Amino acid sequence: MKSSRPTVPPLYRPLPSAHSTIAWPALPGPEVALLTGMLHQLDESQWWSPEDLRRQQLRQANALMVHAYRTVPFYRDRLAQAGFVPGQALSEEVWSRIPVLTRADLQEAGDKLFSPETPERHGKTYDISSSGSTGRPVKAKGTRLVQFIWDAMTLREHLWHRRDFSGKLAAIRSLPNGAADYPKGAASRFWGRSTKDVFETGPAVMLHIGSKIEDQAEWLQRQKADYLLTYPSALRELLLYCQRKSLRFPELRQIRTLSELLNPEIRDLCREVWGLEIADLYSTQECGYLAFQCPEEGSYHVQAETMLLEVLDDSGAPCLPGEVGTVVVTPLHNFAMPMLRYAVGDLAEVGEPCACGRGLPVLKRILGRVRNVLVYPDGRKAWALLGDMYYTEIPAIRQFQIVQKTVEDIEIKIVAERSLTPAEEEKVRGWFRDRSGHPFNIVLSYHQEIPRGPSGKFEDFRSEVAV
């Protein structure tokens with residue numbers, strides 16, 4: 001497909017010069033030169049054909065597998081049985097025979113997945129802990145190189161969306177206790193590690209996600225930020241509060257969301273209340289960035305230069321456009337803990353090639369956690385897209401969470417300004433039965449608050465039924 005690169009002229013973003021006598025063109029220092037060199041490559045490779053991208057992915061995957069075969073005994077038999085031979089080019093057939101690594105495999109193997117011989121030039125290692133909302137932690141390791149790639153991809157996403165680095169960035173997210181509590185929050189002179197030494201930026205401000213929603217709104221009013229980063233569930237609560245109070249933030253230019261499923265209803269609500277678009281980020285703690293939203297078309301582009309992402313059906317075959325399957329990823333540059341074909345626990349729908357002209361693989365929709373599918377008494381499973389609970393015309397509802405207790409029993413937890421009337425309660429039950437298409441037994445329970453998980457995430461729907 002012929003490239004249709006955007007013709008909008010790039011913004012002028014001067015690099016810092018490492019030489020006091022050379023102001024322009026800048027002569028960057030070693031770290032900045034490495035990062036800008038990476039950005040230049042990413043700017044080119046995003047326009048390659050899918051076939052060219054795949055060839056390079058397999059080349060890098062081969063290097064990772066040679067390292068795993070040599071230094072991580074856990075993989076030796078798995079790779080040998082798949083037909084992998086170190087020194088030979090990696091074929092699609094051999095790749096497809098490598099067993100998928102499940103979360104249970106990761107937890108059971110533990111330290112056995114760590115490489116004792118991480119290449120020296122990958123830098124120091126660090127620990128990663130991801131509990132998700134399952135309460136079952138996953139231990140992982142990364143390297144300085146993994147952090148470097150995270151920074152490069154963060155910059156790519158900023159550049160894709162043509163953000164004005166001179167603006168102010170606000171974040172409402174999970175932060176260490178006491179580090180960014182209301183009313184003051186926390187502040188930095190620059191946006192973050194990825195931009196600190198590369199581009200001059202405006203300030204960043206942060207607030208802990210545990211702050212009350214009215215406090216979040218008051219804090220955001222004071223900050224007069226240009227960009228806001230937060231979780232979809234927190235954004236929805238903030239939007240509904242601002243809608244009730246007729247609050248707008250005229251300085252805001254764009255919203256960024258991360259860590260949770262972003263329902264279409266939240267996008268619509270953001271347009272309605274603030275007149276703003278959302279740029280969603282798809283990532284996991286243990287694997288890094290998986291996909292970014294296309295700045296032109298809105299679909300999700302897999303970050304193929306750093307991640308080999310597959311969407312597989314129940315038989316393990318790759319899904320075609322329009323099909324939904326399990327997301328399986330291989331971070332291509334983490335040599336401290338190789339994760340070959342790791343099932344991250346999400347469902348996604350494969351998309352058609354993007355009209356923007358980028359050859360990066362496309363996800364049309366990210367549906368969320370596999371464990372949180374709705375299970376029917378006859379064994380059927382369906383994805384529970386229930387974000388429109390707030391559109392049941394019951395304004396007293398402030399927050400909700402649906403918990404499937406058994407294949408017949410549903411609990412709907414509600415935080416409300418008051419107890420609902422019998423007619424309103426029946427309306428909630430009817431809404432869920434209509435959306436699910438089944439007459440589940442439904443119990444409503446009232447709560448002062450529904451706490452977020454340790455990472456600050458929140459799930460509208462949670463299943464306690466084994467799938």
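Let me start with Val-273, which is buried, at a relative accessible area of 8%; buried here means under 20% relative accessible area, exposed means over 50%, and partly exposed is what falls in between, with a 1.4 Å probe and protein chains only. This residue belongs to helix H10, which covers residues 264-274, and I should add that helices (H or I, at least four residues) and strands (E, at least two) are DSSP runs, numbered from the N terminus.

Before going on, please keep in mind that this is a predicted model, in which local features need pLDDT of at least 70 and side-chain atom pairs count only at pLDDT 80 or more, while totals for chains, interfaces and linings use all residues. Residues are numbered from 1 along each chain as its sequence is written, and side-chain values use heavy atoms, with hydrogens and water left out.

What does Val-273 touch, leaving aside its neighbours within four places in sequence? It is in contact (heavy atoms within 4.5 Å) with Leu-239, Cys-242, Gln-243, Leu-247 and Arg-248. Its C-alpha atom is separated by 10.0 Å from that of Tyr-241, a residue 32 positions away along the chain.

Now to the chain as a whole, which has 11 helices and 20 strands. Its radius of gyration is 23 Å, close to the 23 Å that the globule rule gives for 467 residues, so the chain is as compact as a globular protein of that length; the radius is taken over C-alpha atoms, and the rule is 2.2 Å times the number of residues to the power 0.38. Along the principal axes, the C-alpha atoms fill a box of roughly 70 × 60 × 45 Å. Buried residues make up 52% of the 467 residues, and among contacts with a separation of 6 or more, 66% are between residues 24 or more positions apart.

Next, the sheets, where two strands count as paired if DSSP finds at least two bridges between them. One open sheet has 12 strands, in the order E4-E5-E3-E6-E7-E8-E9-E10-E14-E13-E12-E11, with mixed pairing. Its edge strands, E4 (186-188) and E11 (307-312), each pair on one side only, and the twist averages 35 degrees from one strand to the next. For angles, axes are lines fitted to C-alpha atoms, for helices over the stretch in contact, and the values run from 0 to 180 degrees between N-to-C directions.

Within this sheet, strand E3 (residues 169-173) and strand E6 (residues 227-230) pair in the parallel sense over 4 bridges, and Ala-171 has Leu-229 in E6 as its bridge partner. Helix H2 (residues 50-71) packs on the sheet, touching E11 and strand E12 (324-331), and its direction makes about 105 degrees with that of E11. Helix H10, where we began, also packs on the sheet, touching E6, E7, E8, E9 and E10, and its direction makes about 145 degrees with that of E8. Further along, E10 and strand E14 (residues 362-369) run antiparallel and are joined by 2 bridges, while strand E13 (residues 342-350) pairs with E14 in the antiparallel sense over 5 bridges.

Is Thr-257, which sits in strand E7 (residues 254-257), buried or exposed? At 0% relative accessibility, Thr-257 counts as buried. Its side chain makes a polar contact of 2.7 Å with that of Asp-280; such a contact is a pair of N or O atoms within 3.5 Å, where within protein one must be able to donate a hydrogen and the other to accept it, and residues adjacent in sequence count only if both atoms are side-chain atoms.

In soluble globular proteins, nonpolar side chains tend to be buried together. A nonpolar core is a set of buried Ala, Val, Leu, Ile, Met, Phe, Trp, Tyr and Cys residues joined through side-chain atoms within 4.5 Å. The largest one here has 57 residues, and those touching the most other members are Leu-220, Leu-228, Leu-238, Leu-239, Leu-252, Ile-255 and Trp-274. Helix H9 (residues 232-245) gives the largest share of this core, 7 residues. Apart from it lies another core, of 46 residues, among them Leu-101, Leu-308, Leu-309 and Val-350.

Finally, a separate listing of strands gives an open sheet of 4, in the order E19-E18-E17-E20, with mixed pairing. Its edge strands are E19 (441-446) and E20 (461-463), each pairing on one side only.
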